[in-house]
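Q: Please give a close account of the ligand site in this model. I would also welcome some remarks on individual residues elsewhere in the chain, with the accessibility terms made clear at the outset.

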Amino acid sequence: MGALDGKTVVVTGATRGIGRSLARRLSAEGARLGVCGRDETALSELKGSLETPVVTAAFDLSLETPALEFLEKVRAELGGIDILVNNAGFNPRKAPLAEVGTDEFDSIMAVNLRAPFLLMRETAREMKERGGGHVINILSTVCHSDMATMGAYTAAKEGLRALTNVFRKEVLEDGIRVTSVYPGGTDTDFRPNPRPDYMKPSSVADAVLTALTLPEDLVVHELTFRPMVENNF
Ligand SMILES: NC(=O)c1ccc[n+]([C@@H]2O[C@H](COP(=O)([O-])OP(=O)(O)OC[C@H]3O[C@@H](n4cnc5c(N)ncnc54)[C@H](OP(=O)(O)O)[C@@H]3O)[C@@H](O)[C@H]2O)c1
């Protein structure tokens, strides 16, 4: 008997890193999963390694139509979505704002800010009809530190921080819980070089799972955690 038996959970960016670890943990707790990313092979491998039903879709999250079709496919094959985890995100490189091109800026906004907005708007509509649900948005401790050379990524995450905080108030009466997760450095492909001194993606997944499985008479609004080596707070 798992803590998420019978729940349908959507996780974006599940092909690697935090999203893949989280998908595995959620499935181990009994959740049915809708997972996406652009890497079709990685999605198939993930599906093959899990025992609960899994719907996969490979598409670029900066595009609206395939994102909506993905949600529709999850609903059709797994039933109503109980939990949405907006995890996918990227920062193409570190560069001062003076060197960031307009297309680069737009793509950072499209994936890190617009896509989570779109998915939370669409799933909340349905969660409201079904009497509740839980939205988890993966932000970052960059929201607390405004680091040089990460301007566009930080702006996207801070934009999502604001949207998440507003949304939390707007959907409260619909029984929808909204949690902002602020991880610090995590050892994933997010950055070009390994950082074994940073958190493991599985540790971040454990923290997210905790927020999802606490008693129902509370909601975690915000969760901030860092590796022990980080002192930029
Ligand atoms: N690692 C850190 O230190 C850290 C710290 C704080 C917050 N975060 C946040 O944590 C989340 C997960 O990051 P991670 O560390 O696990 O990074 P990661 O290993 O690079 O994984 C990123 C995931 O996002 C997906 N993704 C990226 N661009 C996409 C696009 N255009 N369309 C669809 N999917 C896309 C990737 O899938 P495909 O490549 O298959 O498309 C991949 O599954 C992100 O939101 C990141 O900002 C990370």
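A: A residue counts as buried when its relative accessible area is under 20% and as exposed when that area is over 50%, while partly exposed covers the range in between. The model discussed here is predicted.

Thr-8 offers a first application of these terms. Thr-8 belongs to strand S1, which comprises residues 8–11. The relative accessibility of Thr-8 is 0%, and Thr-8 is therefore buried. Thr-8 and Gly-79 are 71 residues apart along the chain, yet a distance of 7.0 Å separates their C-alpha atoms.

The ligand site itself may now be considered. The ligand is surrounded by 29 residues, and the closest of these are Arg-16, Arg-38, Asn-87, Tyr-153 and Thr-188. By residue class, this shell consists of eleven nonpolar, eleven polar and seven charged residues.

Several side chains place polar atoms at short listed distances from the ligand. In Thr-15, a polar side-chain atom is found 2.7 Å from a ligand oxygen atom. For Asp-60, the partner is a nitrogen atom of the ligand, and the distance from a polar side-chain atom is 3.0 Å. An N or O atom in the side chain of Arg-191 lies 3.0 Å from an oxygen atom of the ligand. As to cover, the ligand taken alone would expose 880 Å², of which the protein buries 96%.

The largest pocket is the space that the ligand takes up. Helix H1 (17–28) and helix H6 (151–170) are the elements that contribute two or more residues to the shell around the ligand.

Helix H6 also bounds a loop that deserves attention. Asp-146 is located in the loop between helix H5 (142–145) and H6. Although Asp-146 is not a glycine, its phi is positive, at about 45°. Its relative accessible area is 54%, and because exposed means over 50%, Asp-146 is classed as exposed. Thr-149 is likewise found in the loop between H5 and H6. Thr-149 is a residue other than glycine, and its phi is positive, near 75°. With a relative accessible area of 33%, Thr-149 falls between the two cut-offs and is therefore partly exposed.

Ile-81 lies in another loop, between helix H3 (64–78) and strand S4 (83–86). Which class does the relative accessibility of Ile-81 assign to this residue? The value is 0%, so Ile-81 counts as buried. Along the chain, Ile-81 and Arg-130 are 49 residues apart, and their C-alpha atoms are separated by 9.3 Å.

A final example is Glu-222, which is part of strand S7 (residues 222–225). Its relative accessibility of 44% lies between 20% and 50%, and Glu-222 therefore counts as partly exposed. Glu-222 and Ala-162 are 60 residues apart in sequence, and the C-alpha to C-alpha distance between them is 12 Å.

In summary, the ligand takes up the largest pocket, the protein buries 96% of the ligand's area, and polar side-chain atoms of Thr-15 and Asp-60 are among those that lie at the distances stated above.

Methods. Residues are numbered from 1 along each chain as its sequence is written. This is a predicted model: local features need pLDDT of at least 70, side-chain atom pairs count only at pLDDT 80 or more; totals for chains, interfaces and linings use all residues. Side-chain values use heavy atoms; hydrogens and water are left out. A residue is near a molecule or strand if one of its heavy atoms lies within 4 Å of it. A polar contact is a pair of N or O atoms within 3.5 Å; within protein, one must be able to donate a hydrogen and the other to accept it, and residues adjacent in sequence count only if both atoms are side-chain atoms. Accessible areas come from the Shrake-Rupley method with a 1.4 Å probe; for residues, only the protein chains shown count as cover. On a 1 Å grid over the protein atoms alone, a cavity is a set of points where a 1.4 Å probe fits but cannot get out, and a pocket is an open set with protein on both sides within 12 Å along at least five of seven lines; lining residues have an atom within 4 Å of a point. A molecule sits in a cavity or pocket if more than half of its atoms lie within 2 Å of its grid points. Helices (H or I, at least four residues) and strands (E, at least two) are DSSP runs, numbered from the N terminus. Ala, Val, Leu, Ile, Met, Phe, Trp, Tyr, Cys and Pro count as nonpolar, Asp, Glu, Lys and Arg as charged, and the others, Gly among them, as polar. Buried means under 20% relative accessible area, exposed over 50%, partly exposed in between (1.4 Å probe, protein chains only).
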